[in-house]
Amino acid sequence: MPTRRGFNSPSPSGNAVRYALLLLVLLLTVGPFLWQLSTSLKGPAEDIYTRTPAFLPQHPTLENYRAVADTIPVWTYAANSLLVAAVAVFGNAVGATLAGFALARLRFRGARLLLGLFLATLILPGEVTIVSQYVTVRGLGLADTLLGVALPGALAMLNVLLMRTAFAAVPPELDAAALVDGANVWQRLWHVGLPNVRGMLSVVVIFTFIGAWDDFLWPLIVLNDPQKYTLTVGLQYLNGTFSANPRLIAAGTMIAFLPIVVVFATLQRFFFRGVEEGAVKG
């Protein structure tokens, strides 16, 4: 007797097409990083310009990573990037949480106007305000400092709106029960709001870290001292040194990429839990 499928059950051919598309997307997204990793591990005796280059290194070596560290102060650049990213993550995690909770749960005059202003700022691309940002940072005496690099990204309006949406999705009955129990605003935020928006908060942390770590244009404008360069600026600034040896370029790329993998691997369980629960914990 043939097995009956449900109304929305995909056919075997449909499943095959889905898996084929998933494999194609996986190849297009992960393939370049795997190729860079393979190139960074290849020794000087291996020809990477052949018509059919080998994907796996014949003689894997970490010499390229040591050569990058010997050529430029890559660890100093990485520490600078980590400091900038830490300030940006802290500012967005705290500021976006407080602002999002206020817009979603507190009633005050001008809340709708303030929300409209936040939405209006999303229309302007970052390049439009970059001159005014630099003038402001220079006026504060923060030009050519890592704090001047981190300060404009310490609070993003998009993150505020994301946190507002997450707090607004929390059932109002939870807030009402907390009010009956005599909880104040801070207790409602800490004991009712935050446990239910942990997934969205992890999204804010992940994308803020990636944005601050990978930013190139703003640090290039603010910083003049080579010892204060972030990792992306330092690698691109010395790209001419690496031009004759793409193995070193690949090694530098992997050094810049690995911290992003670590951050995402650390927070992914909160990220996917928030997606599954709809940002509301039962």
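## A first look around the model

Glycine 95 touches Phe90 and Leu155, leaving aside residues up to four places away in sequence. This is a predicted model, and glycine 95 is a handy place to start, with its seat in helix H3. Follow the chain to methionine 163, 68 residues from glycine 95, and the two C-alpha atoms turn out to be separated by 10.0 Å.

**H3 and its partner H10**

Stay with helix H3, which covers residues 74-105. Its axis and that of helix H10 (residues 198-214) come within 8 Å and cross at roughly 145°. The crossing of H3 and H10 is right-handed. On the H3 side, the residues that meet H10 include Ala78, Leu82, Ala85, Val89 and Thr97. Among those that H10 brings to H3 are Leu201, Val205, Thr208 and Phe209. Sorted by class, the contact of H3 with H10 has 13 nonpolar, four polar and no charged residues.

**Inside the cores**

What is the size of the largest nonpolar core, in residues? It has 41, and Val68, Phe209, Trp213 and Leu231 are the ones with the most contacts inside it. H3 and H10 are among the elements giving two or more residues to this core, and so are helix H2 (63-71) and helix H12 (231-237). Helix H14 (246-277) is on that list too, and H14 gives the most, with 10 residues. Apart from this core lies another, of 16 residues, including Leu103, Leu161, Leu189 and Val204.

**Charged pairs**

The count of salt bridges comes to four. Here are three pairs, with the N to O distance for each:

| Acidic residue | Basic residue | N to O distance |
|---|---|---|
| Glutamate 63 | Arginine 66 | 2.1 Å |
| Aspartate 70 | Arginine 66 | 2.3 Å |
| Aspartate 175 | Arginine 188 | 3.6 Å |

Glu63, Arg66 and Asp70 are linked in a network of salt bridges. Why can glutamate 63 and arginine 66 be about one helical turn apart? Because they sit three residues apart in helix H2. Aspartate 70 and arginine 66 are four residues apart in helix H2, so they too are separated by about one helical turn. As for exposure, glutamate 63 is partly exposed at 38% relative accessible area, arginine 66 is partly exposed at 45%, and aspartate 70 is exposed at 53%.

Now for aspartate 175 and arginine 188: buried or exposed? Both are buried. Their salt bridge links distant parts of the chain, with aspartate 175 in helix H8 (residues 172-180) and arginine 188 in helix H9 (residues 185-196), 13 residues apart.

Technical notes. Residues are numbered from 1 along each chain as its sequence is written. This is a predicted model: local features need pLDDT of at least 70, side-chain atom pairs count only at pLDDT 80 or more; totals for chains, interfaces and linings use all residues. Side-chain values use heavy atoms; hydrogens and water are left out. Axes are lines fitted to C-alpha atoms, for helices over the stretch in contact, and angles run from 0 to 180 degrees between N-to-C directions. A crossing is left-handed if the near helix is turned anticlockwise from the far one by less than a right angle, and right-handed if clockwise. Contact means heavy atoms within 4.5 Å. Ala, Val, Leu, Ile, Met, Phe, Trp, Tyr, Cys and Pro count as nonpolar, Asp, Glu, Lys and Arg as charged, and the others, Gly among them, as polar. A nonpolar core is a set of buried Ala, Val, Leu, Ile, Met, Phe, Trp, Tyr and Cys residues joined through side-chain atoms within 4.5 Å. Buried means under 20% relative accessible area, exposed over 50%, partly exposed in between (1.4 Å probe, protein chains only). A salt bridge is a side-chain nitrogen of Lys or Arg within 4 Å of a carboxyl oxygen of Asp or Glu.
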